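Here is a set of short questions about the labels used for a protein model. Each answer holds a value up against its definition.

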Amino acid sequence: MSRFPKKFLWGGAIAANQAEGAYNVDGRGLVQTDVTTGGSVNSPRYTTYIDKDGKPGKYASMGHAGGHLPEGATYAVLEDHYYPNHKAVDFYHRYKEDIKLFAEMGYSVFRLSISWARIFPNGDETEPNQAGLNFYRSVFEECRKYGIEPLVSIWHFDTPLSLEQRFGGWKNRKLVDFYVKYAETIFKEYKGLVKYWLTFNEINGGIMFLDLFGDDMTDQDYQDAYQSLHHQFVASAKAVQIGHEIDPENKIGNMICGITFYPGTCDPADILANQYAWEQNIYYCGDVQAKGKYGTYAKRLWAEHNVVVEMAEDDLEVLAKGKVDMYTFSYYMSTVVTTHQTEDTVLGNFSAGAKNPYLTYSDWGWAHDPSGLQYYLEKMYDRYEIPLMVVENGLGAFDTVEEDGSIHDDYRIDYHRAHVNAMADAIANGVDLIAYTTWGCIDLVSAGTGEMRKRYGFIYVDMDDAGNGTLARTPKDSFYWYKKVIASNGEDVE
Ligand code: P53
């Protein structure tokens with residue numbers, strides 16, 4: 001009996017803003033990461049601006065959960081700061097070389113995102129930017145040349161900055177129509193070239209990461225977060241419907257930041273707190289997108305922060321009609337929920353709370369927990385009974401380049417081996433898992449910290465945190481390991 005279905009899709013994943021660079025080329029508009037500096041595990045990234053009196057300033061950015069631009073200020077690129085996403089790893093100019101390497105590993109799928117601001121630089125033009133459309137067409141054609149199926153995230157943390165500046169971002173309902181027009185444009189443009197789509201990357205980040213920094217958050221922050229999510233749900237549901245109308249062959253998924261939550265103790269209070277964490281952080285978005293309706297617990301979640309979600313008359317109908325074809329998610333780690341005081345806590349980037357004594361942690365504080373992936377897969381398949389895809393999974397780690405140029409990343413191989421085995425176990429338990437795309441199949445800029453040295457790739461990129469390096473690509477040991485895994489359809493993981 002083979003462990004993975006015959007047509008299982010193996011590949012890797014990147015996002016436009018973290019890989020492409022070329023931030024001001026061929027008519028591209030700015031996005032939030034273009035005004036966001038680098039950070040580290042202990043220091044945040046900053047978003048920079050010019051205030052209403054013309055003075056430069058910055059606020060600590062929580063990545064995609066958003067911070068606050070002061071009243072009257074304008075987002076700005078400042079002279080004396082380094083912005084790692086501007087250059088990233090220059091996928092924009094090197095995609096042919098990169099896709100060739102992906103093909104060499106044997107990829108049957110490659111997940112990437114389209115940068116909205118390459119297609120509609122300010123987000124609300126009447127006509128799309130032809131140069132942007134051409135770029136992705138060549139990327140998709142390059143994939144097809146090698147028989148690689150593109151899996152396209154329509155939005156991966158990159159709302160055009162102009163929409164953030166003029167409309168305040170997703171809390172403004174106007175964004176729904178802008179997004180839908182953008183989605184419709186690319187569905188039509190790439191009909192026949194792209195079949196697999198994801199509407200919003202880690203959509204639940206908007207509420208989950210907010211809660212992680214909960215102490216400083218006000219009810220207004222929660223109000224904005226839930227309202228923004230509602231707009232994204234409506235936008236996603238409309239895109240699903242339009243995508244199906246344009247090409248009935250299209251398979252359109254959601255994308256959830258999949259963290260597995262465990263109760264810290266068997267105290268019933270912990271069990272309930274853990275269930276509530278799943279509801280808020282994981283089910284809330286998944287239910288709307290995969291079941292087409294808000295969960296019954298939503299009212300309680302809103303009430304906790306005096307939130308009133310404003311909805312248009314036919315929104316609930318739109319949600320019901322815009323259910324996704326597959327449930328997709330990222331998986332890096334699990335976390336612990338407890339109502340008890342604990343001394344042993346994790347404080348990493350985007351991970352916090354009690355430490356799990358049964359697990360080990362990465363240098364960025366992320367728990368290594370392959371069983372958590374199996375648990376997540378089984379739980380979600382049981383809940384939704386639609387095909388699942390693991391569209392991100394990987395280990396951010398320091399890599400050392402040996403004198404002969406080789407990179408021996410056995411820690412990364414161990415991480416992936418364990419997670420491939422966990423997927424096989426979930427499949428053996430009946431889960432309809434159809435794809436695995438590892439995160440950062442090539443090194444790229446970290447979303448959370450803006451670092452290059454937090455590396456995920458099977459392909460090393462010569463580039464450091466200050467932007468120095470030749471950008472040369474070198475396969476790591478993991479490259480050859482993954483090639484073997486794919487060639488054996490997941491049988492040979494040694
Ligand atoms: P980085 C936090 C927790 C889980 C997933 O993350 C996350 C984040 C954001 O930092 O984001 C996803 O680069 C995201 C990718 C991101 C990747 O995980 O912070 O979809 O854009 O790069 C890894 O190590």
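The questions below concern a predicted model, with its ligand first and its strands after.

Q: What makes the pair of Gln 18 and the ligand a polar contact?
A: A polar side-chain atom of Gln 18 lies 2.7 Å from an oxygen atom of the ligand. A polar contact needs a pair of N or O atoms within 3.5 Å. The value meets the cut-off, so the pair counts.

Q: How do you know that Glu 392 makes a polar contact with the ligand?
A: An N or O atom in the Glu 392 side chain is 2.8 Å from a ligand oxygen atom. The limit is 3.5 Å, so this pair counts too.

Q: What is the distance for Lys 454?
A: A polar atom of the Lys 454 side chain lies 2.7 Å from an oxygen atom of the ligand. The protein buries 100% of the 480 Å² that the ligand exposes when taken alone.

Q: Which residues are closest to the ligand?
A: They are Gln 18, Ala 447, Gly 448, Lys 454 and Tyr 456. In total, 20 residues surround the ligand.

Q: Which classes make up the shell around the ligand?
A: The shell has ten nonpolar, seven polar and three charged residues. Gly counts as polar, so Gly 448 belongs to the polar class.

Q: Which cavity does the ligand take up?
A: The ligand takes up the space of the largest cavity.

Q: Why are E3 and E4 at the edges of their sheet?
A: The open sheet runs in the order E3-E2-E4, with antiparallel pairing. Strands E3 (56-61) and E4 (74-75) each have a single partner strand, so one side of each has no neighbour in the sheet.

Q: How do you know that E2 and E3 pair?
A: Pairing needs at least two bridges. E2 (residues 45-50) and E3 have six, so they pair. Thr 47 stands opposite Tyr 59 in E3.

Conventions. Residues are numbered from 1 along each chain as its sequence is written. This is a predicted model: local features need pLDDT of at least 70, side-chain atom pairs count only at pLDDT 80 or more; totals for chains, interfaces and linings use all residues. Side-chain values use heavy atoms; hydrogens and water are left out. A residue is near a molecule or strand if one of its heavy atoms lies within 4 Å of it. A polar contact is a pair of N or O atoms within 3.5 Å; within protein, one must be able to donate a hydrogen and the other to accept it, and residues adjacent in sequence count only if both atoms are side-chain atoms. Accessible areas come from the Shrake-Rupley method with a 1.4 Å probe; for residues, only the protein chains shown count as cover. On a 1 Å grid over the protein atoms alone, a cavity is a set of points where a 1.4 Å probe fits but cannot get out, and a pocket is an open set with protein on both sides within 12 Å along at least five of seven lines; lining residues have an atom within 4 Å of a point. A molecule sits in a cavity or pocket if more than half of its atoms lie within 2 Å of its grid points. Helices (H or I, at least four residues) and strands (E, at least two) are DSSP runs, numbered from the N terminus.
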